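Thank you all for coming; I would like to spend a few minutes on one helix and then on two pockets, so please have the structure open as we go.

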Amino acid sequence: MSHALQILAGKQARSVIAEKGLNADLFKLLVGASGGPKWFVLAGLDRYFCGEFFQRRQTPLYTLGSSAGAWRFSCYAQEQPLEAINRLIDGYSHLTYAKNSTIHQVTQKSEELLGDVLGANGANEIVSNPLIKTNTIVAKSLGLTRYEPKPLQLIGLMASALGNQIHRKHLGKYYQRVIFSTDTSYVPFDYKDGIASAVVNYTQNNIKDALLATGAIPLVVNGVKHIAGAGPGMYRDGGIIDYHFDQAFLPQTSPTQTDDNDLVLYPHFYNEFKPGWFDKFVKHRFANPEHFDNVVVLAPTAEFVARLPYGKIPDRKDFTELSDHQRISYWQQVISESERLADEFQQSCENANVIDKIKPI
């Protein structure tokens, strides 16, 4: 049988693994991209990480996510992470919407799902977790995208896309990056990339709003107004700015906080990386490979994806192109098959010669 998982690593990461093998203690940061239901192909890895891989950890693990990545990591920081990630997997994969649902109705479904994922005490568990340090990216709208009416928002999105096509830094005219963090003393990536950013303390009072905002896809889900601690304004999907991320991870801010042996684990749907959401439409723009020098990427192989129903991983088009029955059946099969990625990763960690199986990024 063909392999389901490919492991890729930057030069520094390969050097560390060659010396120390592949184990949970190598990783100081876990990264999660935006991508809606694409993440179902990683569900098996999420279950393994929540239920076993990181469970004996004694040192802090930072997480950095936008949109779906942030929702996944909200589960990691709860007291029962495996139960939480299973609530997210089950709830999201069985979502259904009435025909011709309004944005308000879609938004209400998101709110209900997040309420189930967090439960009665999830917000408190996340902000008080001593080991899992959560960082969530949200985009604060500065231009016409701060308005909810579709015509104004659409004009703002078109202007954003045009500015981004000219240069990524022009996104800063339309959005501000807001990083909600449970440890504001150390943000685990270099966010000084020309787009204005603010770091906000995660609290029980703002965690639900921040998570709703980071998943608030323009024109699909309502934005969130006036998040506590972040100031007035309209907040939307964090993937607009940081879709797959294009910054150096684990910046050296003090000798005690990180060293050359600290690595980044990035389970991803692909083996390529687009910096922001609008860069999907900029064919030549990809993340700088130098930013992935200390990163280990886990991704499904092309052979694995080809064997899935419809020969692809899930995406948001499934909501409109498939019936509810077809979509839910398809997604359940992908989730089941994703366990193969976790099994192969576990086997790789037990392989003394794992470096021979790791490809360069």
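Why is helix α3, residues 68-76, described as largely enclosed by the rest of the structure? Before I answer, please keep in mind that what we are looking at is a predicted model. The reason lies in a count of burial: nine of the nine residues of α3 are buried, so the helix is largely enclosed by the rest of the structure. If you want to follow along in the sequence, the buried residues are A68, G69, A70, W71, R72, F73, S74, C75 and Y76.

Let me turn now to the largest pocket, whose volume is about 820 Å³. It is lined by 32 residues, and of these the closest to its centre are Y97, V106, V220, R316 and F319. Helix α3 comes back here, since the elements that give two or more residues to this lining are α3, α4 (81-93), α5 (103-118), α10 (318-321) and α11 (324-337). The element that gives the most is α5, with four residues. Sorted by class, the lining of the largest pocket holds 18 nonpolar, nine polar and five charged residues.

The second largest pocket contains about 450 Å³ of space. Of the 20 residues that line this second largest pocket, K38, Y243, K280, D315 and R316 are the closest to its centre, and you may remember that R316 was also named among the closest to the centre of the largest pocket. The classes in the lining of the second largest pocket are eight nonpolar, five polar and seven charged residues.

Conventions. Residues numbered from 1 in each chain as written. Predicted model: local features only at pLDDT ≥ 70, side-chain atom pairs only at ≥ 80, totals over all residues. Heavy atoms only, no water. Buried < 20%, exposed > 50% of the residue type's maximum accessible area, 1.4 Å probe, protein only. 1 Å grid on protein atoms, 1.4 Å probe; cavity = no way out; pocket = protein on both sides within 12 Å on 5 of 7 lines; lining within 4 Å. Points joined across faces, edges and corners; volume = space filled by probe spheres on them. Nonpolar A, V, L, I, M, F, W, Y, C, P; charged D, E, K, R; others polar.
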